[in-house]
Amino acid sequence: MAVAQTDPAAAAATRRHDDDDEDRVMIYLPFSNRVKLQKLPLLTDHLSLGSDSDLVQSNLINTNPLEHNPFFSQSDCFYIAPSDVVLRHIIYDYKHPQPKAAAAGGGGGEEKKQGYSSTTTSALAYHRAGPRRQILFDASRIKAAIVTCGGLCPGLNTVVRELVLGLWDLYGVRHIFGIKAGYRGFYSTEPLPLNPKLVHNWHKNGGTHLQTSRGGFDLQKIVDAIQHRGYNQLYIIGGDGTMRGAVEIYHEICQRKLNIAVTGIPKTVDNDVGIIDRSFGFQTAVEMAQQAISAAHVEAESAVNGIGLVKLMGRSTGHIALHATLSSRDVDCCLIPETPFYLEGKGGLFEFLEQRLRENGHAVLVVAEGAGQDQMIEANNNDHHADNNKDESGNPVFLDVGQWLKSELNKWWKREHPNELFTVKYIDPTYMIRAVAANSADNLYCTLVAHSAIHGVMAGYTGFVSGPINGNYAYILLEEVAKAKNEVDTRDHKWAWVRSVTNQPDFHIYSNNDKA
Ligand SMILES: Nc1ncnc2c1ncn2[C@@H]1O[C@H](COP(=O)(O)OP(=O)(O)O)[C@@H](O)[C@H]1O
Ligand SMILES: O=P(O)(O)OC[C@H]1O[C@](O)(COP(=O)(O)O)[C@@H](O)[C@@H]1O
Ligand SMILES: [Mg+2]
């Protein structure tokens with residue numbers, strides 16, 4: 001058992017303690033007893049009310065209705081105290097002060113980029129998510145709005161369903177509204193009244209019944225509409241772009257001193273949102289990707305010198321490609337945006353595939369959509385201007401790396417082996433991996449994250465996001481989540497596993513000069 005103690009001089013020491021039993025050694029964690037807790041904004045921070053006594057006098061603090069809910073037994077640990085925390089880093093070398101990246105798990109790369117220096121001796125902590133004994137809201141006065149923005153992700157409907165059921169059943173809220181078609185829906189459409197009966201079956205459906213869209217973010221119009229409709233709780237479900245929009249809405253609400261709580265629920269099919277362990281829908285997407293990889297494998301095996309090529313979502317991160325590769329075991333090479341690759345010459349993709357075709361007669365190639373963009377632009381004589389190729393939200397619209405690879409592979413084979421059969425079967429499952437209902441694991445995640453969000457808002461927090469950190473649900477500052485990225489760390493064990501499973505080349509080994 002690791003025990004934090006107060007004497008910094010004793011940190012990093014290993015010693016036997018009098019009451020150690022035979023197979024346990026007392027160790028002292030390097031951060032001693034210093035834990036930096038990330039403070040969360042409270043709705044009362046920017047209202048005229050401030051102290052607890054003000055709140056009590058104005059009846060703003062209420063007992064949690066769960067106290068009288070016959071389905072819950074309020075044991076000692078049922079309510080979460082404001083002092084309950086979740087540690088950001090759980091892996092330490094107790095002889096050294098620096099927290100270690102979770103090399104084998106998600107978020108490892110992220111941790112390294114958070115600016116830890118060797119002098120960091122305190123641990124980072126977040127408030128633990130869950131029901132509080134006292135809440136700020138009176139259910140009869142709550143008007144909640146729920147919106148889904150950005151691209152689809154398995155589980156969106158489940159999150160909306162669980163928000164509605166949680167608000168309705170746990171807290172007695174009766175005024176819950178769905179905002180249609182993303183941010184623009186606040187000011188351009190009538191809200192949809194939501195109730196448990198309406199959303200009952202939503203978890204079984206892919207997509208979002210509330211609809212979604214990109215672009216349409218007009219801050220003043222959105223906050224005017226929120227104010228006009230009298231919403232006092234906002235549940236904003238979306239990816240990195242949505243979270244950046246939510247930060248702006250939160251700031252505008254603070255500036256206008258409005259009594260409205262804002263919470264973000266991160267969704268991202270390609271797992272590019274940082275800090276949290278992973279987003280809901282990601283596992284479902286990886287599972288769906290298996291079907292495309294299996295089909296590519298069958299096609300490749302059934303041809304002479306067959307290549308099965310699969311392109312998977314992943315704009316700036318290769319998590320889906322990486323996880324699908326590791327689970328499938330049929331993949332010969334996985335290409336992701338985080339690590340450049342090249343085609344020709346020593347250590348290049350063609351040399352590797354040639355060898356695989358000679359050995360096995362076929363090969364399967366998985367490529368994330370954001371990989372190889374620079375190479376394609378270069379091959380196109382730089383004729384792809386990033387500024388002109390953006391979607392409505394400002395995200396880059398990519399060239400099709402799958403089509404390009406297929407074409408380059410065919411040209412290469414024809415040039416090198418004009419008399420030998422060769423086939424490339426290109427499969428682009430695109431929306432098939434995200435336009436599906438969530439699997440069981442993701443559905444459970446959706447319930448927990450939705451309920452966490454409700455409990456946090458009810459407790460009076462605002463400007464926060466709920467999500468799992470090391471398997472425990474926590475509240476994280478919205479601004480921090482909006483900024484954080486989660487890229488694949490090609491230095492960690494997971495990428496090493498990919499390379500050892502596939503035996504694919506390390507494209508870094510040969511510099512441009514050495515290739516030929
Ligand atoms: N920096 C930003 N500030 C404000 N709103 C943004 C920002 N980036 C994106 N948005 C808005 O957030 C919504 C979703 O963004 P998008 O990038 O399409 O999807 P995602 O949230 O899934 O990343 C869109 O309505 C878009 O206009
Ligand atoms: O055609 P759309 O809806 O723009 O979606 C395509 C994009 O959506 C993504 O799934 C990412 O979407 P988000 O940014 O909304 O998470 C990318 O992988 C893909 O490029
Ligand atoms: Mg995005």
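A residue counts as buried here if 20 or more other C-beta atoms lie within 10 Å of its own. With that in hand, a quick tour of this predicted model takes in two helices and one ligand site. By that yardstick helix α3 is mostly covered, with 14 of its 16 residues buried.

**Helix α3**
- α3 runs over residues 156-171, and at 1.5 Å a residue its 16 residues should span 22 Å; the end C-alpha atoms sit 22 Å apart, so the two agree.
- Right after α3 comes G172, with a positive phi near 75 degrees.

**Helix α10**
- The 12 residues of α10 (349-360) pass the length check too: 16 Å is expected at 1.5 Å a residue, and the end C-alpha atoms are 16 Å apart.
- L349, F352, L353, R356 and L357 are the buried residues of α10.
- They cover an arc of only 135 degrees around the axis, which means they lie on the same side of α10.
- What do those buried residues pack against? Their partners are the strands β13 (306-312), β14 (333-335) and β15 (362-368).
- Flip to the other side of α10 and you find R358 and E359 exposed.
- G361 comes just after α10 and has a positive phi of about 80 degrees.

**Ligand 2**
- The residues around ligand 2 are G150, G151, G239, T268, V269, D270, M313, G314, R315, E369, D391 and R434.
- Sorted by class, that shell holds 2 nonpolar, 5 polar and 5 charged residues.
- Domain 1 (53-88 + 125-279 + 438-482) and domain 2 (282-435) both contribute to the shell, so ligand 2 lies between them.

Definitions and conventions
Residues numbered from 1 in each chain as written. Chains lettered and ligands numbered in written order. Predicted model: local features only at pLDDT ≥ 70, side-chain atom pairs only at ≥ 80, totals over all residues. Helix = DSSP H or I, 4+ residues; strand = E, 2+ residues; numbered from the N terminus. Expected span 1.5 Å × (residues − 1). Buried ≥ 20, exposed ≤ 12 C-beta atoms within 10 Å, placed from the backbone. Near = placed C-beta within 6 Å. Nonpolar A, V, L, I, M, F, W, Y, C, P; charged D, E, K, R; others polar. Domains from an automatic or database assignment. Arc of directions from axis to C-beta. Contact = placed C-beta atoms within 7 Å.
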